Amino acid sequence: MATFGSFALIVALALAAYNLLAGIIALRWIATGQPTRVSPERLADTARRAGIACFFAVTGAAFALVWSVFHNDFSIAYIVEHSNLALPAPYKFAALWSGQEGSLLLWAWLLATFGFVLRLTHKNDVKLYAYAGTILSGIQLFFLLILNFAAPPFSLLPGYVPGVTPLPADGNGLNPLLQYPEMVIHPPMLYLGYVGFSVPFAFALGALMMRYPGEKWIRITRIWTMVTWTFLTCGIFLGMHWAYAVLGWGGYWGWDPVENASFMPWLAATAFLHSVMMQEKRGMMKSWNVWLIFITFLLTLIGTLLTRAGLVSSVHAFAQSSIGTWFYVFLGVVLAVCLFTYILQRDHLKSDHHIESLVSRESSFLFNNLVLLLACFVILLGTFFPILSEYVQEHKVTIGAPYYNAVAIPIGLFLLFLTGVGPLLPWRAASLRAIKRNFVVPAIALWATVIVALIAGVRPWRDGQFETGTFYSLVAFALAAAVLAAIFSEFLRGAGVIAKQTGKNLFASLVLLTRRNTRRYGGYLIHIGLVVSIIGFAGTAFNQSSEQEMSLHSKILIGPYELNCEGFSQDSNANYDSEFAILNVTSNGKPVRTLTSSGFVNLQMTPERRVYQASRQPQTMVAIHSVPEWDLYVVYEGINPDTSQPIIKAFLNPLVGWIWIGWVVMVLGSIVALFPSLNPSTATLRVPAASAATPAAALKGGD
């Protein structure tokens with residue numbers, strides 16, 4: 001299979017190169033209109049077909065690597081380094097992206113898949129799709145060059161001679177951090193997000209090159225960006241949950257450089273998805289939108305570079321390698337092409353209108369964009385500051401969580417404020433009367449939340465000292481209440497009009513309202529999910545922890561819980577050895593009950609520590625009990641070598657479950673926003689004669 005996989009990559013490289021060169025020549029001939037011996041359209045079609053064939057070649061290479069993993073082909077160095085005989089089948093799939101070479105092959109395969117879909121739908125707009133397909137082939141060519149010359153995934157073991165040299169009896173095994181169910185899903189989701197942004201980039205650059213008339217390319221790009229943004233959102237939240245459940249430090253986001261690398265393109269893409277409405281509605285911010293797409297794609301390349309060049313130290317990063325130079329060159333080429341094309345065509349991007357009032361939806365979108373990019377910049381600065389400091393001062397100055405929290409939390413709170421303000425403002429300008437009417441309910445919700453929180457004991461001052469974390473949480477709770485009140489008011493106002501006209505119940509009216517404008521109300525659902533997650537983030541200020549050595553029948557207290565040690569045990573299988581504690585949980589002297597498949601039972605937690613046979617690396621398996629108020633989070637930290645006593649650490653993390661609920665709502669909102677709205681002809685309501693004069697403003701399809 002190693003020979004087949006290597007040959008498939010060579011064929012894919014040749015096809016991508018032909019796709020790029022033939023595509024450039026054909027598009028050049030079409031642009032100049034000069035007579036040629038070969039039809040430019042036919043040449044362009046052969047380039048498209050080469051791109052389709054490239055997909056099958058890269059698929060063959062990916063299949064060969066997965067086949068080799070499942071058949072334990074230890075003649076391939078990559079298989080020896082990232083798999084072993086006892087590795088469970090689901091994690092053998094994970095071996096595809098557990099190492100640098102395999103992850104680059106996954107990148108190339110996903111890009112080929114996106115390109116395959118794009119080329120099959122080329123008849124939507126043949127010329128625009130030809131430009132986009134040619135640009136994608138250039139990106140594909142770069143990754144295939146790396147896979148063939150810099151990081152080949154099918155390299156044989158050094159010194160191995162088939163039929164002469166004996167093969168290793170077993171491999172080194174998969175990284176223990178990846179042997180967790182979510183890690184079979186998280187990396188592919190993250191890669192779908194990273195790679196998917198290549199498509200809107202290709203459309204934006206292609207549309208600019210050909211001076212594409214109208215806004216059709218924006219609509220195409222928005223759909224691709226929305227899908228990709230959803231994948232990246234899933235990847236980020238799954239990564240957070242993995243960090244929370246596996247790393248055993250009690251948190252879910254540590255401002256790790258690689259975490260930042262996934263967050264930055266998410267911020268830039270979020271800015272684009274908001275500002276693109278300005279271009280569709282008002283013909284504004286055309287240059288801004290093009291550069292937002294360019295920046296998003298460049299940030300995905302920077303994120304891919306961070307994990308592979310050894311620039312930063314991260315639990316997520318691969319070992320240092322020489323392919324960083326390849327990425328530096330490619331980043332330079334991409335940036336140069338973007339700048340050259342923009343300078344050449346910038347007169348095509350003049351805005352049709354300008355902002356007429358600071359109190360308008362246009363201005364709220366603009367502020368939203370500026371704040372998102374500011375957040376992106378401060379995170380980028382913090383991520384690369386150690387590298388810059390080493391270059392200037394010849395020693396690294398590390399920036400940790402305090403820096404990010406100090407700058408990112410206020411920015412995030414302001415974004416939360418804008419999330420509530422934007423939907424309440426009309427296009428062009430808002431009257432004072434409209435402002436008063438729309439902001440009354442959110443203002444009441446905000447101040448009511450502040451009062452209730454203060455009464456409940458959420459106070460920024462304690463023992464004469466001001467607690468910044470508690471203050472930020474109080475502000476987050478208040479703003480979250482205001483934003484939710486604003487969004488729910490929008491839903492209820494529109495549903496009320498429909499219910500009055502049709503006699504439908506409130507739920508049916510909400511469904512019809514959403515179906516008539518899926519983009520708008522799907523966006524509102526995304527905002528609701530984001531706000532719910534922010535409520536979960538705000539709970540961090542109230543985390544508690546307790547750590548102690550435990551013997552049989554000893555106890556540890558945390559919040560309202562008492563953990564009673566009933567014993568310790570060990571287990572072993574072909575993949576790992578484990579030791580774990582058995583803890584009964586009580587609250588106020590009574591056993592805590594939890595729901596299982598067999599009904600309610602007394603809660604028993606078994607935090608575990610594993611040592612994997614192949615690599616002899618340890619791994620923590622956290623025990624978590626979640627309720628709406630908080631998570632009880634228990635870690636088995638190992639044995640104290642001085643006393644031979646196990647060490648248990650317990651955390652009480654308020655509101656963490658709200659983070660994952662918010663993520664689910666965001667994904668649901670994304671799915672709703674991607675569905676087409678009902679056509680006016682099919683959405684016409686049979687209005688009773690007595691209600692025919694009722695205002696129907698909420699039924700209009702516009703945002």
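Is asparagine 640 buried or exposed? I would like to start there, and I should say at once that what we are looking at is a predicted model. Asparagine 640 has a relative accessible area of 14%, and because the cut-off for a buried residue is under 20%, asparagine 640 counts as buried. It sits in the loop between strand 14, which covers 630-639, and strand 15, which covers 646-654. Within that loop, the side chain of asparagine 640 reaches the backbone nitrogen of aspartate 642 at 2.9 Å. If we set aside residues up to four places away in sequence, asparagine 640 touches Glu549, Gln645 and Ile647.

Let me turn to the nonpolar cores. In general, nonpolar side chains in soluble globular proteins tend to be buried together. In this model the largest nonpolar core has 153 residues, and those with the most contacts inside it are Leu105, Ile139, Phe143, Leu144, Phe201, Phe203 and Phe294. Helix 9, running over residues 216-246, supplies the largest share of this core, namely 17 residues. To take one of the residues with the most contacts, leucine 105 touches Leu9, Val58, Ala61, Ala62, Leu65, Leu96, Leu147 and Pro153, again without counting residues up to four places away in sequence. Apart from this core lies another, of 28 residues, and among them are Leu446, Ile498, Leu525 and Ile534.

Leu446 also appears in the surroundings of alanine 482, which is in contact with Pro442, Ala445 and Leu446 once its neighbours within four places in sequence are left aside. Alanine 482 belongs to helix 16, residues 468-502, and it is buried, with a relative accessible area of 10%. The C-alpha atoms of alanine 482 and valine 421 are separated by 9.4 Å, while the two residues are 61 residues apart along the chain.

Next, the empty space. How many cavities of 30 Å³ or more does a search of the whole structure find? The search finds one, and the volume of this largest cavity is about 80 Å³. Its lining is made up of Ala16, Asn19, Gly51, Cys54, Phe55, Leu111, Ala112, Gly115, Arg119, Leu136, Ser137 and Gln140. The elements that give two or more residues to that lining are helix 1 (2-32), helix 2 (40-70), helix 5 (100-120) and helix 6 (126-150), and the largest share, four residues, comes from helix 5. As for chemical character, the lining residues of the largest cavity divide into six nonpolar, five polar and one charged.

Finally, a word on backbone geometry. Most residues other than glycine have a negative phi. Against that background, asparagine 72 has a positive phi of about 50 degrees although it is not a glycine, and arginine 211 likewise has a positive phi of about 50 degrees without being a glycine. Asparagine 72 lies in the loop between helix 2 and helix 3, the latter covering 77-82, and at 22% relative accessibility asparagine 72 counts as partly exposed. Arginine 211 is found in the loop between helix 8, which covers 198-209, and helix 9. With a relative accessible area of 34%, arginine 211 is partly exposed.

Notes. Residues numbered from 1 in each chain as written. Predicted model: local features only at pLDDT ≥ 70, side-chain atom pairs only at ≥ 80, totals over all residues. Heavy atoms only, no water. Core = buried A, V, L, I, M, F, W, Y, C linked by side-chain atoms within 4.5 Å. Buried < 20%, exposed > 50% of the residue type's maximum accessible area, 1.4 Å probe, protein only. Contact = heavy atoms within 4.5 Å. Polar contact = N/O pair within 3.5 Å; in protein donor to acceptor, adjacent residues only side chain to side chain. 1 Å grid on protein atoms, 1.4 Å probe; cavity = no way out; pocket = protein on both sides within 12 Å on 5 of 7 lines; lining within 4 Å. Points joined across faces, edges and corners; volume = space filled by probe spheres on them. Nonpolar A, V, L, I, M, F, W, Y, C, P; charged D, E, K, R; others polar.
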